[in-house]
Amino acid sequence: MKLVVCLKQVPATTAEKRYTADFRLDRRSAEAVINPLDEYAIEQALRLQEAGAVDTIGYLSMGPEQASEALRRALAMGGDEATLVTDDALAGADVWVTARVLAAALDKLAPDVALMGMASDDARGSLIPGAVAAIRGVPLLSYGSELRIDGDVARIRRLTATGHDVLEAPMPLVASVTDQVGEPRYASLKGIMAAKRKPLDTWSLADLGLASEELASRSRVIEVRPPPAKAATERIENVSADEAAVKLADWLAARKLL
Amino acid sequence: MTYRLTPEHDELRAVVRELAEERIAPRAAEIDESREFPWDLKDLLARQDLLGTCFEERYGGTALDGIGQSIVAEEIARADATTSLIPIVQKLGSLPITLAGSEEQKSRYIPRLASGEWLVAFGLTEAAAGSDVASNRMRARRDGGGYRLNGSKRFITHGSIANLVTVFALTDPEAGGRRGMSAFIVETAAPGFSAPRVEHKMGIRGSPTAELHFDDVLVPEENRLGDEGDGFKIAMATLDRSRLGIAAQAVGIAQGALDAAVAYAADRTQFGQRVVDFQGIQFMLADMASQTEAARQLTYAAAAIVDAGAADLPYWTSSAKLIAGDTAMRVTTDAVQVLGGYGYISEYPVERMMRDAKITQLYEGTQQIQRLVIARQLLRRAGVSRGTPAAAGSPP
């Protein structure tokens, strides 16, 4: 039973982000981490391996060369091998191109389960799991709070407003999990040391039999702008409690909240 | 002596810092308040292989170099000094075994220490024998195939929670502490061992500092470290190396206080501007930062010198401990000053850091003892030392 976790290297949420002239993230400007939502997929995979349900865990990422750091970090948490797809032609790839490339890489890696986080922390499109499943023509089990493997079917629990659903599909398939699977572990010191000796392959588009001409992005970023600034906080300070209560009531009344 | 930080050191720092910020720092105030040993954090550090950094891989350790071990202690101490003592004392207590133990002794005990399954303490100090180690009175009498230990130890960090204590006791009282003391590995489950009391301390409150009683504790001969009479030598060789852990802890405490002071000063507004924009505050922060950096680099240099096995390593480790301990005290005191009234209350971490810092000037040799060690090396280098050691006895 082979499982491949797809992961993305993203700028840390706390990092200040800068953009290039064509509205792409300047990756040199920000500290890069494993997409935090992908860490839950890693944790889920490692738990399945510890339970004996998965034999081999691989990691797959598409990104610039520095994304190999994220793969090394994942290997330090556990798992067996990693593959980075990197190619100059992929800079600025959109959802469509990314999904095509990941699908081609998964065809080559041939896992029983391709597991993903529910979204990336930077783009938050949540489209990749569905797109990859569609391109590969395999089932999709999305937004699982838990993934289980039972014989040749995989099952997920998906939380709903009133409880949870259990969905199952035959493998191979694509699955995505949420932050409900359990806290991702920290890499241990021995894990970090062992990760340096685990295989990490780098593939180009040519290795996947893809030509850069077929991979033109279909979407275009027109503009990037920061979220609108919030109005300044109004503070009621240095007044008596009675006075503060009146001011607070006036403020709420003025906004028809009282 | 040159040393260089590697990408592996940077990675180690990032990993330990993440763990310390997310899991240890949020517990620090509560540990201080409750005075309870953080067993959960002990388990966490064990799970992350951070209690075995000083042990060889064949015993289950990760065999980090001295700088790597310093980084681990420093980054944990930056969040919480009490928790940083867990790896630091694991090394202190085991150094007698590492330095003087037989292969059989090492393979029997080190794996359990490297995994963190067992904790170990260092049992040297007695109520009447602190700096003056040679005046130790605890006895070890021959009894058949082993020894009977009788007496008390005091100020033993982790003494009440350790599974193992390396204990120093007189096998030949006539010969005195310097030549008549021997070192033993004592399992605390042995009948006659007890830890009846822990101290109430100014700082590092979650780290139990215990009084140990030995009432006819039987220790088999195979648990003696080295030969009879080697005890003093083993104790000194241990402290010459272990005090680097305290230097690293002190650097971490100082860095934690500096970071807290910068964050506070950037947030606090007085007289219509951020406190951090006042030059008077900037000068204080600059002094705190440069002194902390100097202490850190001296600690790393000393660590590299210990790794290289230099003959004058006590000169370096004592210098690092002296400078780092004084720096921690000064920087944490200044951090309280930067925070003003808020620095003096337990709502902010710097008053705890200031209380924690004080111990780094006291344990594993007071700052005065460090000066004696440094001076003795200095005189030796200059070729002006007396034939016999200084009148102050033989300081740790």
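**Chain B: domain 1 against domain 3**

In this predicted model, the centres of domain 1 of chain B and domain 3 of chain B, taken over C-alpha atoms, lie 19 Å apart. Their contact draws 23 residues from domain 1 of chain B and 24 residues from domain 3 of chain B.

Quick orientation. The domain assignment splits chain B into domain 1 (7–114), domain 2 (120–232) and domain 3 (233–382).

Now, the domain 1 side of that contact. Which helices supply at least two residues each? They include α1 (7–34), α3 (66–79) and α4 (81–100) of chain B. The largest share, ten residues, comes from α3(B). By class, this side of domain 1 of chain B, where domain 3 of chain B is touched, has 14 nonpolar, three polar and six charged residues.

Next, inside domain 1. Look at α1(B) and α3(B). These two pack with axes 7 Å apart, at an angle of about 25°. Angles under 35 degrees count as roughly parallel, so α1(B) is roughly parallel to α3(B). Is their crossing left-handed or right-handed? The crossing of α1(B) and α3(B) is right-handed.

Who makes the contact? From α1(B), the residues include His9(B), Leu12(B), Val16(B), Ala20(B), Ile24(B) and Ala28(B). Charged positions are there too: Arg13(B), Arg17(B) and Glu21(B) are among the α1(B) residues. From α3(B), the list includes Ile67(B), Gly68(B), Ile71(B), Val72(B), Glu75(B), Ile76(B), Arg78(B) and Ala79(B). By class, the contact of α1(B) with α3(B) has eleven nonpolar, two polar and five charged residues.

To wrap up: α3(B) packs against α1(B), and α3(B) also gives the largest share of the domain 1 side facing domain 3 of chain B.

Key. Residues are numbered from 1 along each chain as its sequence is written. Chains are lettered from A and ligands numbered from 1 in the order in which they are written. This is a predicted model: local features need pLDDT of at least 70, side-chain atom pairs count only at pLDDT 80 or more; totals for chains, interfaces and linings use all residues. Domain bounds come from an automatic or database domain assignment. Two residues are in contact if their C-beta atoms, placed from the backbone, lie within 7 Å. Helices (H or I, at least four residues) and strands (E, at least two) are DSSP runs, numbered from the N terminus. Axes are lines fitted to C-alpha atoms, for helices over the stretch in contact, and angles run from 0 to 180 degrees between N-to-C directions. Angles under 35 degrees count as roughly parallel, over 145 as roughly antiparallel, 65 to 115 as roughly perpendicular and the rest as oblique. A crossing is left-handed if the near helix is turned anticlockwise from the far one by less than a right angle, and right-handed if clockwise.
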